[in-house]
Amino acid sequence: MQQKNRNIELEGMMAAGIHFGHQTQKWNPRMSPYIFAERKGVHILDLTQTARLSSEACDLVFDAAAEGKEFPTVGTKHHVADLIASAATRSQCHYVNEKWLGGTSTNWFTTETRLRRFQYLQNGEDTGGFDRLPKQEAAILRGQLFKPKKCLGGIQYMSDLPDIATITDQHEQSIAPKECIILGIPTICVVDTDCDPDLVDIPIPGNDDARPSIRWILDKPTLAICEGRSNSKFSEVRWQG
């Protein structure tokens with residue numbers, strides 16, 4: 001499959017603040033190969049490696065998207081929740097931006113059951129079915145819909161285990177990468193200076209706190225997935241969102 005050149009420029013990464021890590025006392029020594037320098041007590045990430053690994057991630061998801069594979073994007077920090085949903089929607093992917101429920105992948109049977117129940121409740125709400133019920137019963141069902149919607153709304157059309165997972169906050173939601181390791185699901189993960197790059201398949205060194213940083217990092221694989229989808233005959237079949 002012919003892949004496009006990635007528009008990855010150091011100037012853009014610096015403008016997004018991707019190179020800013022944490023204070024030097026708050027770091028994981030395993031990130032040492034990805035750290036360029038120390039400035040005023042703060043580690044500075046090596047953006048040449050960020051560019052290289054971002055490009056590698058783009059190539060991976062481009063090929064996978066062309067094969068009709070499924071991608072969830074996981075990022076549960078409140079201030080980037082909208083970025084996660086937006087990037088996933090643009091690329092016809094699934095997402096989790098509130099909370100990754102333990103066992104979402106490793107206990108897929110239970111997840112499927114939860115999704116079917118959620119879809120039933122959501123359909124009742126969307127079609128006005130709740131309005132035809134007694135007020136007390138409708139209120140109970142709407143209450144049952146509220147919590148699952150936050151956790152399952154972004155993966156409601158996921159019909160099988162994911163093929164590749166993108167994770168933007170290794171510490172904030174540590175369960176997701178652990179489940180991916182157990183199941184052998186490849187992961188792409190933003191790794192700040194306090195993260196463990198050995199826990200993921202493609203670590204992308206970057207600031208995992210700043211909105212501009214997350215936006216920039218997500219944008220590249222999102223575009224690659226869109227390009228891959230345009231070459232795929234599977235996207236219409238596997239995406240129902």
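## Two domains and their salt bridges

Across the interface of domain 1 and domain 2, three residue pairs are in polar contact, both residues of each pair being at pLDDT 80 or more. The side of domain 1 that touches domain 2 draws at least two residues from each of β5 (94-96) and α6 (175-183). The model is predicted. The structure holds nine salt bridges, but zero of them are found across the interface of domain 1 and domain 2.

**Domains and interface**

- The domain assignment gives domain 1 as 27-35 + 46-99 + 162-240 and domain 2 as 106-160.
- Eleven residues from domain 1 and nine residues from domain 2 make the contact.
- The centres of the two domains, taken over C-alpha atoms, lie 27 Å apart.
- Domain 1 and domain 2 bury about 1100 Å² between them. Carbon and sulfur atoms carry 60% of that area.
- For charge, the interface of domain 1 and domain 2 has zero salt bridges by the rule. Even so, the side of domain 1 that touches domain 2 includes four charged residues, alongside five nonpolar and two polar.

**Helix α4 and its surroundings**

- Tyr-120 sits in helix α4, which spans residues 108-126. Gln-122 is in helix α4 as well.
- Tyr-120 counts as exposed because its relative accessibility is 54%, over the 50% cut-off.
- Gln-122 is buried, because its relative accessible area is 10%, under the 20% cut-off.
- Leu-145 is 25 residues from Tyr-120 in sequence. In space, the two C-alpha atoms are 9.5 Å apart.
- Gln-122 touches Leu-145 and Lys-149, leaving aside residues up to four places away in sequence.

**Helix α3 and its cover**

- Helix α3 covers residues 81-90. Its buried residues are Ala-81, Leu-83, Ile-84, Ala-85, Ala-87 and Ala-88.
- The cover over these buried residues includes β4 (72-74), β5 and α7 (211-230).
- Gln-92 follows α3 and has a positive phi, near 55°.

**A buried histidine in a loop**

- His-19 lies in the loop between α1 (10-15) and β1 (20-23).
- His-19 is buried, at a relative accessible area of 11%.
- Beyond residues up to four places away in sequence, His-19 touches Met-13, Met-14, His-43, Ile-44, Leu-45 and Leu-47.

**Salt bridges between distant parts of the chain**

- Side chains of opposite charge can pair when their charged atoms come close.
- Asp-209 and Lys-77 meet through their side chains in a salt bridge, at 2.7 Å from N to O. The pair links distant parts of the chain, 132 residues apart. Asp-209 is in the loop between β8 (202-205) and α7. Lys-77 is in the loop between β4 and α3.
- The two partners are not equally accessible: Asp-209 is partly exposed at 33% relative accessibility, whereas Lys-77 is buried at 12%.
- Arg-90 forms a salt bridge with Asp-219, with the closest N and O atoms 3.3 Å apart. Arg-90 lies in helix α3 and Asp-219 in helix α7, so this pair ties together parts 129 residues apart in sequence.
- Arg-90 is partly exposed, at 42% relative accessibility. Asp-219 is also partly exposed, at a relative accessible area of 22%.

**A salt bridge at α5, and a network**

- Asp-131 and Arg-142 form a salt bridge, their closest N and O atoms being 2.8 Å apart. Asp-131 is in the loop between α4 and α5 (135-152), and Arg-142 is in helix α5. Eleven residues separate the two.
- Asp-131 counts as exposed, at 59% relative accessibility. Arg-142 counts as partly exposed, at 31%.
- Arg-30, Asp-196 and Asp-198 are joined into one network by salt bridges that share partners.

Conventions. Residues numbered from 1 in each chain as written. Predicted model: local features only at pLDDT ≥ 70, side-chain atom pairs only at ≥ 80, totals over all residues. Heavy atoms only, no water. Domains from an automatic or database assignment. Contact = heavy atoms within 4.5 Å. Buried area = accessible area lost by both parts, 1.4 Å probe. Salt bridge = Lys/Arg side-chain N within 4 Å of Asp/Glu carboxyl O. Polar contact = N/O pair within 3.5 Å; in protein donor to acceptor, adjacent residues only side chain to side chain. Helix = DSSP H or I, 4+ residues; strand = E, 2+ residues; numbered from the N terminus. Nonpolar A, V, L, I, M, F, W, Y, C, P; charged D, E, K, R; others polar. Buried < 20%, exposed > 50% of the residue type's maximum accessible area, 1.4 Å probe, protein only.
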